Amino acid sequence: MKFSKAVVVLCSTVALASVAQAQNLKLNDKGYFARPGLNVMVFNDFYPDGHQTGVTVVQHGSRVAANGDLRLEPSPGQWSPIPLNGERSVDPKTNTISQAASYPDPTKDRKGFNPIFYPDLKLGYRVHVTPLEGNSFRISVDLDRPLPPEWVGKVGFNFELFPTDLFGKAFLMDGQHGIFPRQPSGPVILRGGAAIETPVPVQPNGPVVAAAGEPLVAPLATGRTLVVAPDEDKQRMRIESRSGTLELIDGRANHNNAWFIVRGVLPAGATKNAIEWVVTPNVVEGWKYEPVIQVSQVGYAPNQPKKAIVELDPSDRDLKRVRLFKLTENGRKEVASAMPEKWGDFLRYTYHSFDFSSVTEPGMYVVGYGDKLSHPFKIGSDVYSRYVWQPTLEYFLPAQMCHMRVNEKYRVWHDLDHMDDAHMAPTNLNHFDGYVQGLKTLTKFKPGDIVPGLDAGGWHDAGDYDMRVESQIGTIWLLTKMVEEFGLDYDATRIDQKKNLVEIRDPDGKSDALQQIEHGLLSVVGGWRAMGRLYRGIIEPTHRQYVMLGEAANQTDNQFNKSSVGHGPLGKDNSGNPIKADDRWVFTEDNPDRELYAAGGLAAAARVMKAYDAKLASDTLAAARDVYSKAEARGKNVGNKVFALSELIHTTGDPALIRRLVAMEPQILANIEQAAWRIAPILDRIPDAGFKQRLAAAVATYQAGVKQSALTDSPYGVPYKPDIWGAGWQIQERGVRQYFFHKGWPQHTNPQSYISALNFVLGVHPGENTMSFASGVGAKSATVAYGTNRADWSYIPGGVISGTALIRPDLPELKIWPFFWQQTEYVMGGGETNYMFLALAADALYGKPK
């Protein structure tokens, strides 16, 4: 059949138009605009202090811009005012997503976990996002009413650009050009901003008003049209303002954790289209998400089930064989291959698996898929016996020790610190980071009094320097269980409490685990001895100290009241000395559920301390009994009640406590997940056969659900359901629970339920970044992390980050960025020691007989 030239041209034109139309941004069934290579989310998330909200751009699978919203400052910080989100709506007629919002947010104004001090401004607005032709979309902002005159030039639309991937890339703006700098640099100018009320914690009765404006660096460029990364096709983005001038700001000038910011201020008198931008991210036609091979960064024991996960673009129909290579002196040697088995769709990708459990020969291996190769990993019975849990005990726990100088040969992790701990905190104070002091101190100490016994022991919170009681107890308890369950007896560190000195890799003939348990108890039991109760925590009095990065010894001067500088209205302490602004505060609370949790941890620690330090063990058990007796009748948390009872029974064998535990049967059976596993170590001490039979039946039902969820919840054998923060810590915690379920009821519990949790942490997790969450562990790991040395883009070996987070609704993300607490922060009381526990459990299950 023949066609005229005109018909061919017409058909080609229609076809091209159809392709172009097909490639326009369209609203998908997940609630955001999408086309291959580009996603535009509109307030699917709301976590502005974590750079995770507003108008967000995902370009070629990577989130490149976020936090597109009205802000009251050019470069906001963690405690800056954020809006209250209202209704989010989708208009199918105009293909527009709109978000209503307003200032202030009454739920955060001077209240909540981190109180925000809002200025006297009431502002309502709506942000609209509408796709245009091709890759472009329009952002517009409508105000309920014009800005008050005093706010003109201060409120603007901020659109933040993720820094790491832009360092060294170019920008163009109306004849100006340059590169995105690796660090901020002057000239420094004073910018007009919101007159934000800033709390001064040494004046707890109210905030003071800071002067308007803050020091920032001069904009990198100003103009109407910005082109981001013109040198990189996968990152190039054009931002055009139709409503006023744009500024390209380096937000890191006043906040280390800030991003590059594109900002346009609201003009005077405007309401409709007060802001109007057109954003056009470039898209490489035909782009597909590249295959990702997910396999343990450490490896596997020979008799351990082994499965690699292949993560694919859902449009990728060209399925390839997966190959396993053994590494030899002559290179790679293929030892197994197969077509991968499809698991299905999860989040935004399609998943397949490759089972190579039959390969048991020791050696080093890589997995291949198409032209992709995994990192090298080991198969061997000693795979978990070295370089896996040891960094946590050898490096991380020592580096976090408070009230010590910590040396590592030529390096000093930190000098002697916080020897001026601690003053009783002011009453009726909602501090920051969740610290609240009630109307009374609940002790004999008055606000400002020195509380003795708190200048010894304890670990700094991993991302900060405060010391929460639950973090101390969690670390103490998990170390105790490692000693009891796995016989942990390892000595690589010298810990001298008399000299307040730690020497890494200098054995002293004592168990490092027992010395670390002792260190935690010195703080918790020391507080109990002084106050007759537990502390809530110990924290800095000022924001300036709280955000300090680097050397712990710089946070205070280590001396009580030797200076007259910074005296606040708290007056004098119980020794008659004026209170310095830098001395840390100790908070108390009436929280029976937390007290029950602490009682359980203390009771457990008393057992392993008995042969190491009988006096400390005796005081620890006395503290456990005392705290339990005062909290038991008032506590509501069934899991914590069972925990306290089980550990006290384990330590004392008290028949009255056993009867009390058995009497809780209805509550335990109704809370199997949180309560039953706590009982596993003491099942042989419970004489009631009927109770144990009914408990076993309930556990069997629960574990049947766990087994089913392992098959259907995710491709990883664990439930992956993060809420802003990465889910790694929760998955590890669940893994430890499953270990104890297996200990108590092995006939009902699959050990893979806790081994899969370890594999998840070691690299078998969603997203293109497959690094181990445990810093310094495995072929590729988190070596840029949110620890106390994060400003140096560094890490602490053995620290364990929170891990891959979820950018709602469906993007798994793990960025290389030291200031994402929701992805790369370390933590005490679980993250590091749950991981260590699971690694020891895997070694006990699959390793060489000891």
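Where is Asn95 found? Asn95 sits in the loop between strand 6 (84-91) and strand 7 (96-103). This is a predicted model, and the points below cover backbone features in loops, one buried helix and one pair of packed helices.

**Positive phi outside glycine**

- Asn95 is not a glycine, yet its phi is positive, at about 55°.
- The relative accessible area of Asn95 is 29%. Asn95 is therefore partly exposed, since that class lies between the buried limit of 20% and the exposed limit of 50%.
- Asn273 also has a positive phi, near 50°, and is a residue other than glycine.
- The loop that holds Asn273 runs between strand 21 (260-265) and strand 22 (275-281).
- Asn273 has 28% relative accessibility and counts as partly exposed.

**Cis peptide bonds**

- Gly186 and Pro187 are joined by a cis peptide bond, with omega at about 10°.
- Pro187 belongs to the loop between strand 12 (176-179) and strand 13 (188-191).
- A cis peptide bond also links Asp421 to Ala422, where omega is about -10°. The second residue of this pair, Ala422, is not a proline.
- Ala422 lies in the loop between strand 34 (411-414) and strand 35 (423-424).

**Helix 2**

- Helix 2 spans residues 390-400 and is mostly covered, with 11 of its 11 residues buried.
- The buried residues of helix 2 include the prolines Pro391 and Pro398, and also Glu394.
- Tyr395, Phe396 and Leu397 are among the other buried residues of helix 2, as are Gln390 and Gln400.

**Helix 11 against helix 12**

- Two packed helices are described by the angle between their axes and the distance between the axes.
- For helix 11 (residues 672-679) and helix 12 (residues 689-712), the axes come within 11 Å and cross at roughly 130°.
- Helix 11 and helix 12 are therefore oblique to each other, because an angle of roughly 130° falls between the perpendicular range of 65 to 115 degrees and the antiparallel range of over 145.
- The crossing of helix 11 and helix 12 is left-handed.
- Helix 11 contributes Ile672, Glu673, Ala676 and Ile679 to the contact, while helix 12 contributes Phe691, Leu695, Ala698, Val699 and Tyr702.
- By class, the residues of this contact are eight nonpolar, no polar and one charged. The charged one is Glu673 of helix 11.
- An α-helix has 3.6 residues a turn, so residues three or four places apart point the same way.

Terms used: Residues are numbered from 1 along each chain as its sequence is written. This is a predicted model: local features need pLDDT of at least 70, side-chain atom pairs count only at pLDDT 80 or more; totals for chains, interfaces and linings use all residues. Side-chain values use heavy atoms; hydrogens and water are left out. Axes are lines fitted to C-alpha atoms, for helices over the stretch in contact, and angles run from 0 to 180 degrees between N-to-C directions. Helices (H or I, at least four residues) and strands (E, at least two) are DSSP runs, numbered from the N terminus. Angles under 35 degrees count as roughly parallel, over 145 as roughly antiparallel, 65 to 115 as roughly perpendicular and the rest as oblique. A crossing is left-handed if the near helix is turned anticlockwise from the far one by less than a right angle, and right-handed if clockwise. Contact means heavy atoms within 4.5 Å. Buried means under 20% relative accessible area, exposed over 50%, partly exposed in between (1.4 Å probe, protein chains only).
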